[in-house]
Amino acid sequence: MKRSVTSIGSLIAFIIDRDDKTPVYKQLYYQIHAAILDGRLEAGSRLPASRILAQELGLSRNSVVTALDHLHAEGYVISRTGDGTYVADSLPEEHLAPRSGLLHIMTDDAILGPGPSERGRLFTELSVTAGPALPIPFVADLPAFDAFPLPLWKRFMVQSWQEVRPTMLGYADPAGFRPLRKIIASHLGASRLLRCQSSEVVMTSGSQQSLDLISRVLLDQGDPVWIEEPGYIGARCAFLAAGARLIPVPVDEAGLNVEAGRALEPHPRLIFISPSRQYPLGMTMPMARRQALLDYAERIGAWVIEDDYDCEFRYRGSPLPAVRSLDRSQRVIYLGTFSKSLLPSFRLGYLVLPETIQPVFTKAKAIIDRHPPLLEQIALGSFFKTGQFAAHIRRMRQLYHERQDVLLDELHQVVGSALTFTAADTGMHLIAFLPDNVSDLAFCDLAREYGISLRPLSIYYLSDRPKQGLIMGFAAIPVARIRWGVKQLRKVVDQMLSQKGTI
Ligand SMILES: Cc1ncc(COP(=O)(O)O)c(C=O)c1O
């Protein structure tokens, strides 16, 4: 393999692989870009002169300059005449999410002044931030930014301002814009066989707020909560922040195992499930298990929270009816979000609540943040009414299916049997399993050096015997970058093999 390597300081190695069909300037561009995003190259730091980089990597100066030009045009680096190239002080994504860092824990030293309350301390010990907010291969949980119809959305936003009436300029309904709630109720009837009234829908600023509302409204300190093991960290954090006692219930091939839960804690106050596509493992909960879970919840008087986060993207088979549609006893709360179907930065989602409890949530919502921004809700309503939402989902379903196919093809060809992976029937990521004696955390750390972002499966477990694997997002990643990313993945596998004799 013809490779050249150079490093900046002790942290970063740039590796150019001449056997790789990706143009060398792109290889360099991807790696500098990734190093800036994950903080290995800090804001304001100076890059080596293009002549030096070219010499050390054995590249033409032209290739290095082209890579730097791309980074310059995108705002990641600045050049100071006669003084060289520096990482920009303010990066394009600085207004997006905080830097990666999986579970960032603040130490006592970082807390100044009289300090937070006991509840406040809980927040400092938890974090839902997980990885970069831009489509580096194989970032998970992001939709395709490159295929979002921005000009169209801008038109709907402008139009909602044009149609605004004086009655819309003050405080609005805390449950959300009624016409949008009606549209969502009829959309759920058609797409999820979930019959509900618009009065049962409460708009929120996404699932994370829905989970926080649920925790505040339904849980008291120390209440037992069944969560899936492995399971969604956002839900785990929201329940822990409310002082709940988490009971990690193992999932089997049908999702949360009710019998196992019963043995661990027979009287949960609340049960959290992701039945359409278990997060993160991806299985769909069959009807019999849905029914068994509901029967049990009914018998013991527990709430059931159904997180239906990316059900729009099913590639094979037809979706099962939502658990909420089987509910006879007003105990299932359904969570929807537009973070995957549209964009996470919209911060729009909704709850479908039993009508007995809806007024409590509406009051809580008013006290917490009054209501979600009105004009975005109006624009979203128009997006639905004009058929654009359905058209966007159709396009994205096809695009994500194609991206997954390319990822699987490349994995089979380039990585082969070194990792175990299966196609996902639905959703935006797949999982590559590692042998149990390989640390997925170490694997992901090494992958970062090769410019790719993988998320370790083990962080989704609460028990001390997690499965080791890699969560690989494909929805957000253009095909050329998927191909490049898989080649980088192969190099990570090779390096793990040569260092440890196993991956
Ligand atoms: C399992 C699961 N549920 C819900 C969400 C959506 O969260 P939010 O609506 O707060 O963006 C995500 C986002 O990654 C998720 O992975």
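This report describes the domains, sheets, salt bridges and unusual backbone sites of a predicted protein model.

## Domains

The domain assignment divides the protein chain into three parts: domain 1 covers 3–95, domain 2 covers 129–147 + 391–500, and domain 3 covers 150–388. Domain 2 is therefore written as two segments, and domain 3 falls within the numbering gap between them.

## Where domain 1 meets domain 2

Between the C-alpha centres of domain 1 and domain 2 the distance is 24 Å. Domain 1 brings 18 residues to the contact and domain 2 brings eleven residues. The size of an interface is often given as the accessible area lost when the parts come together. For domain 1 and domain 2 the buried area is about 1300 Å², and 58% of it lies on carbon and sulfur atoms. On the side of domain 1, the residues that lose the most area to domain 2 are Asp-20, Tyr-30 and Arg-40, which together account for 33% of what that side buries.

How many salt bridges are counted between domain 1 and domain 2? The count is zero. The search for residue pairs in polar contact across this interface, with both residues at pLDDT 80 or more, also gives zero. Two elements give two or more residues to the side of domain 1 that touches domain 2: strand S2 (12–17) and helix H1 (24–37). H1 gives the most, with seven residues. By residue class, this side of domain 1 holds seven nonpolar, four polar and seven charged residues.

## Two open sheets

One open sheet has eight strands, in the order S5-S12-S11-S10-S9-S6-S7-S8, and its pairing is mixed. Its edges are strand S5 (201–204) and strand S8 (255–256), each of which pairs on one side only. Inside the sheet, strand S10 (residues 303–307) runs parallel to strand S11 (residues 332–337), and four bridges link the two. Ile-305 has Ile-333 of S11 as its bridge partner.

A further open sheet has four strands, in the order S13-S14-S16-S15, with antiparallel pairing. Strand S13 (420–421) and strand S15 (455–456) are the edge strands, each pairing on one side only. S13 pairs with strand S14 (residues 429–433) in the antiparallel sense over two bridges. Thr-420 has Phe-433 of S14 as its bridge partner.

## Salt bridges

Side chains of opposite charge can pair when their charged atoms come close. Over the whole structure, 21 salt bridges are found. One salt bridge joins the side chains of Asp-83 and Arg-46, with an N to O distance of 4.0 Å. Asp-83 sits in the loop between strand S3 (77–80) and strand S4 (84–87), while Arg-46 sits in the loop between H1 and helix H2 (50–57), so the pair ties together parts that are 37 residues apart in sequence.

## Backbone sites

Most residues other than glycine have a negative phi, and most peptide bonds are trans. Pro-137 and Phe-138 are joined by a cis peptide bond, with omega about 5°. Phe-138 belongs to the loop between helix H4 (118–124) and helix H5 (150–162). Another cis peptide bond links Glu-229 to Pro-230, again with omega about 5°. Pro-230 is placed in the loop between strand S6 (224–229) and helix H8 (233–241).

Which residue other than glycine has a positive phi near 50°? That residue is Arg-347. Arg-347 is located in the loop between S11 and strand S12 (349–352).

Definitions and conventions: Residues are numbered from 1 along each chain as its sequence is written. This is a predicted model: local features need pLDDT of at least 70, side-chain atom pairs count only at pLDDT 80 or more; totals for chains, interfaces and linings use all residues. Side-chain values use heavy atoms; hydrogens and water are left out. Contact means heavy atoms within 4.5 Å. Buried area is the accessible area (1.4 Å probe) that two parts lose on being put together, summed over both. A polar contact is a pair of N or O atoms within 3.5 Å; within protein, one must be able to donate a hydrogen and the other to accept it, and residues adjacent in sequence count only if both atoms are side-chain atoms. Ala, Val, Leu, Ile, Met, Phe, Trp, Tyr, Cys and Pro count as nonpolar, Asp, Glu, Lys and Arg as charged, and the others, Gly among them, as polar. Two strands pair if DSSP finds at least two bridges between them.
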